[in-house]
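Please work through the exercises below with the sequence and the model side by side, trying each task before reading its solution.

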Amino acid sequence: MKYFTLILLILCFSCSSDDDNSHINSKPGSIQIEEILLDGKKVTIDWSDAKDEDDDQIFYKLYINSILISETTESIGATTLEYNKDYTGRIIGSDKNGGTTEVSFNFSSANSKILLFADGSGALNAIDLFSLQPMWSTRTSNIESHSISDNMVYSGVNGINGLDILTGENIWSSTPSRNFNDEYRNIIIDDLNVYAFDADSNLFCVNKITGGKLWERSFLGYYAPLSIDSENVFACSRNNDHLYAINKKTGLTNWSFRLSNNNTGAATKINTNPLIVNNDIYFGDNIGRFYSLNKNTGSINWTINAGKYNPFYPSPTQFNQSVIVGTYRTLYAYNLNTGSTVWEYNSPTGVLETSPFVYNDKVYIGISNNGSGELLCLNAKNGSVIWSQVLENNTTSSPIVFENTVYIGDWNKNLYAINAETGVMDWKIKSEGVIFKSPTIVIGEGETVIYPSVSGLKN
């Protein structure tokens, strides 16, 4: 009996008043995502501090796609991701005493901004415009303006090839020509099909999914960019005097237009690529005549004659109700509907060998001077000079403009980035070969593409 009483007393004394008021750990408060900041491939995630009633230190684990990115006491984390991807994230906060809180979220990484240009060494180069670092380089035709669709760049060495925008890897190919090692050029695309000439001037239409040939059409000595609308592919040549409207479904000619005879003694041919605006198509020839045709019938709307010593060479582009196009010495703005001259700019010393690009009511064009090149900026409304920037070589590519920067190359292997408002040079990089073809810019997986005026996809 005494033994039992002793045990009971011990048990009673062991139950101290401290146990009656023992501490229960509080769970940390909620976490809120405050900002997801994208800077090129870098993403920074900022979140709110989890409040803890016990004043415990909170430790955070940041996961992206279930991968632990960081463990920190700060409510911010950063990492590097791939472009053009969707991601899931999770942040877990812990007080190390068993209390946790967490938040899940979804976001997309930055859209890539890639500058593509071909150089005289036969390379297609991709530059990351966020970092200005090379992304990839691959073989291409150095006479080609490249086309973009979805997440692919279409190029034409040993086949019509679809290259991954981010890596340059060949992920799609079609070889419709009988010559397997053929070079394809003037590649143009729509939602369903790809159209391209081979080196023997055969025009092919292949399915964009399967690469299977749908039709083939033979031409003679054709080399010029194609243009396209919902019904036709428009083909003209710097070696020929015809413009053809080719039915996209059948490859048959819906209509053709032949240049009239001339008294210059020179063979007539179409120098510029055709520009489509609404229901009309515009182009110039080698003896100074510029045309507007109805794109559905081929009938002439109007024609002007700038003179037999003024061949139209730069390809046309549009500004409001004007078509802007140049001869070797003069840049013209013609009224789209009547052909009347809105303004003209006469180059005092240089030659207009590149095509104009319109951006924010300004016209940008490369000028070949004696010993040096020049990038010229004109007022698109009246043709007055706003600024000019001297370049190293007297032969340049056609310019393009994106986010207030003009991109242009020259035969000294330079690629320039020039402020579109001021003409001040932002940067310059060297390529392996001369740059005489215009660059192209692609945003994301082809959501936005900046084509030069020499491309039929600029329409």
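The exercises that follow concern a predicted model, and each task comes with a worked solution.

**Exercise 1. Find which residues lie closest to the centre of the second largest pocket, and describe its lining.**

Step one is the space itself, which comes to about 210 Å³ in the second largest pocket. Step two is the lining, where 13 residues take part and where F117, N125, I127, P134 and K430 are the closest to the centre. Step three asks which elements contribute two or more residues to this lining, and these are β9 (123–128), β10 (133–139) and β39 (425–430). Step four sorts the lining by class, which gives seven nonpolar, three polar and three charged residues.

**Exercise 2. Work out the strand order of the open sheet of four strands, and say which strands stand at its edges.**

The order is β36-β37-β38-β39, and the pairing is antiparallel. Because β36 (400–402) and β39 each have a single partner strand, they stand at the edges, and one side of each is left without a neighbour in the sheet. Neighbouring strands of this sheet are turned against each other by 20° on average, with direction ignored. For a closer look at one pair, take strand β38 (residues 414–419), which runs antiparallel to β39 and is joined to it by five bridges. Within this pair, L415 stands opposite I429 of β39.

**Exercise 3. Determine how many disulfides the structure holds, and examine C236 as a candidate.**

The count is zero disulfides. To see why C236 forms no such bond, look for the closest cysteine sulfur, which belongs to C205 and lies 19 Å from the sulfur of C236, whereas a disulfide needs the two sulfur atoms within 2.5 Å. As to surroundings, C236 counts as buried because its relative accessibility is 1%, and C377 likewise counts as buried, at 0% relative accessibility.

**Exercise 4. Locate D55 and N360 in their loops, and decide whether each is buried, partly exposed or exposed.**

Begin with the background, which is that most residues other than glycine have a negative phi. D55, a residue other than glycine, has a positive phi near 60°, and its place is the loop between β2 (42–47) and β3 (59–64). D55 has a relative accessibility of 70%, so it counts as exposed. N360 is not a glycine either, yet its phi is positive at about 50°, and N360 lies in the loop between β32 (357–359) and β33 (362–368). With a relative accessible area of 48%, N360 is partly exposed, because the exposed class begins over 50%.

Definitions and conventions: Residues numbered from 1 in each chain as written. Predicted model: local features only at pLDDT ≥ 70, side-chain atom pairs only at ≥ 80, totals over all residues. Heavy atoms only, no water. 1 Å grid on protein atoms, 1.4 Å probe; cavity = no way out; pocket = protein on both sides within 12 Å on 5 of 7 lines; lining within 4 Å. Points joined across faces, edges and corners; volume = space filled by probe spheres on them. Nonpolar A, V, L, I, M, F, W, Y, C, P; charged D, E, K, R; others polar. Buried < 20%, exposed > 50% of the residue type's maximum accessible area, 1.4 Å probe, protein only. Pairing = 2+ DSSP bridges. Axes fitted to C-alpha atoms, helices over the stretch in contact; angles between N-to-C directions.
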